[in-house]
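Visitor: I have a model open and want to learn how to read its features. Where do we begin?

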Amino acid sequence: MTTRPDPFREGHVELTTGPVPLHYQVYRHLRDALAAGRLRPGDRLPGERELCDFYGCSLVTVRRALDELARERRLVRERGRGTFVTEPPLDRNLALLGSFTEEMRARGLDPSTRVLAAAREPAPRAIADALRLDEGADTYLLERLRLVGGNPLLLEEVHLSADRFPGLLDFDLANESLYELLSQRYGVRLEHAQETIEPIALPTREAELLDQRRGRPALLVELVAFDQDDDPVEHCRSVVRGDRARYHVRARGARAELLVLPNAEITTH
């Protein structure tokens, strides 16, 4: 027999009539249980009828509250199976330019990396332009799957100049920080980056690698990182699971203008 999650083991919640809508009271009770850890990832919520009895409200009220939490990616509703608590999305700071592994470890998480490709190839036109190289110049292609707690989070494809970083592929790029290698072995310190972010639907290969269904929402993040001399060093294209990551940036000035610009470019320092 499945154990009922902690918030539903005893009694019931009294909703009150007044200015606060009933569905929002249900939503707030569930949200607070999630924030307090009384509902944990993988927990299955009672059925909708049981929730109606627990809250003393209608089915419409319960469904509105569950739908809102599903939109926030805190719950997932699976037809025929029920409603489950999801892993909370990982907040990543756009203003932070650094090692993925160190960032995750600083959050108390368990990151790992799987190298899918590490090869030398001529630069396509778009990559050459981004890195200020001649088209066809030798570059390193590094494709890595980034995981947290053994679960895939993002797929990244990195290009760097092969002439500038000879022997780079000889290092253990699954376990060593690329940025630390650039700094310690080649004397290149990354100072700032330009990033663009757009929503996409996952293609077949990316969906399989990220353990998602084809067509699921994801974020495409493209970055060009610059060194202390303002020369481009790295072009990185990352596909990030839409259900596992959330990006934020601290904006100054006319923030409203940024929000209405199509394909807005964000520069991080």
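Guide: We go from the whole chain to a helix, then salt bridges, backbone angles and a pocket. Keep in mind that this is a predicted model.

Visitor: How many helices and strands does the chain have?

Guide: Eight helices and 11 strands.

Visitor: What share of the chain is buried?

Guide: Buried residues account for 40% of the 269 residues. Here buried means under 20% relative accessible area.

Visitor: And which contacts tell me about the fold?

Guide: Look at sequence separation. Take the contacts between residues at least 6 apart in sequence: 60% of them join residues at least 24 apart.

Visitor: Now a helix. How do I check the length of α1?

Guide: Use the rise of 1.5 Å a residue. Helix α1 covers residues 22-35, which is 14 residues, so it should span 20 Å. The C-alpha atoms at its ends are 20 Å apart, so the model agrees.

Visitor: Which residues of α1 are buried?

Guide: His23, Gln25, Val26, Tyr27, His29, Leu30, Ala33 and Leu34.

Visitor: What covers the buried residues of α1?

Guide: The cover includes α2 (48-55), α3 (59-71) and β2. Look just past the end of α1 as well: glycine 37 there has a positive phi of about 80°.

Visitor: Salt bridges next. What is the general idea?

Guide: Side chains of opposite charge can pair when their charged atoms come close. In this structure, the search finds 15 salt bridges. One of them joins aspartate 138 and arginine 120, at 3.2 Å from N to O. Aspartate 138 sits in strand β5 (138-148) and arginine 120 in strand β4 (111-122), so this pair ties together parts 18 residues apart in sequence.

Visitor: Are aspartate 138 and arginine 120 buried or exposed?

Guide: In between. Aspartate 138 is partly exposed, with a relative accessible area of 33%. Arginine 120 is partly exposed too, at 47%.

Visitor: Which residue forms a salt bridge with arginine 144?

Guide: Glutamate 156, with the closest N and O atoms 2.9 Å apart. This pair links distant parts of the chain, with arginine 144 in strand β5 and glutamate 156 in strand β6, 12 residues apart.

Visitor: Why do arginine 144 and glutamate 156 count as buried?

Guide: Apply the cut-off of under 20% relative accessible area. Arginine 144 has 3% relative accessibility, so it counts as buried. Glutamate 156 has 8%, so it counts as buried as well.

Visitor: What about glutamate 191 and arginine 189?

Guide: Their side chains meet in a salt bridge at 2.5 Å, N to O. Glutamate 191 is partly exposed at 35% relative accessible area, and arginine 189 is partly exposed at 46%.

Visitor: Which residues are linked in a network of salt bridges?

Guide: Glu48, Arg63, Asp67 and Arg77.

Visitor: On to phi. What should catch my eye?

Guide: Most residues other than glycine have a negative phi. Here, arginine 132 has a positive phi of about 55°, yet it is not a glycine. Arginine 132 lies in the loop between α5 (125-131) and β5. It is exposed, with a relative accessible area of 53%.

Visitor: Where is aspartate 230, and what is its phi?

Guide: Aspartate 230 has a positive phi near 65°. Its place is the loop between β8 (217-227) and β9 (232-241). Aspartate 230 is partly exposed, at 39% relative accessible area.

Visitor: What does arginine 213 touch?

Guide: Leu202 and Ala207, leaving out residues up to four places away in sequence. Arginine 213 lies in the loop between α7 (204-209) and β8. At 59% relative accessibility, it counts as exposed. Its C-alpha atom is 9.0 Å from that of proline 203, 10 residues away along the chain.

Visitor: Last, the pocket. How do I read it?

Guide: Take volume, then lining, then chemistry. The largest pocket holds about 760 Å³ of space. Its lining has 25 residues, and Val76, Thr86, Arg216, Arg241 and Asp243 lie nearest the centre. The elements giving two or more residues to this lining are β1 (75-78), β2 (82-85) and β6 (151-161).

Visitor: Which element gives the most to the lining?

Guide: β1, with four residues.

Visitor: How do the lining residues divide by chemistry?

Guide: Eight are nonpolar, six polar and 11 charged.

Conventions:
Residues numbered from 1 in each chain as written. Predicted model: local features only at pLDDT ≥ 70, side-chain atom pairs only at ≥ 80, totals over all residues. Heavy atoms only, no water. 1 Å grid on protein atoms, 1.4 Å probe; cavity = no way out; pocket = protein on both sides within 12 Å on 5 of 7 lines; lining within 4 Å. Points joined across faces, edges and corners; volume = space filled by probe spheres on them. Nonpolar A, V, L, I, M, F, W, Y, C, P; charged D, E, K, R; others polar. Expected span 1.5 Å × (residues − 1). Buried < 20%, exposed > 50% of the residue type's maximum accessible area, 1.4 Å probe, protein only. Contact = heavy atoms within 4.5 Å. Salt bridge = Lys/Arg side-chain N within 4 Å of Asp/Glu carboxyl O.
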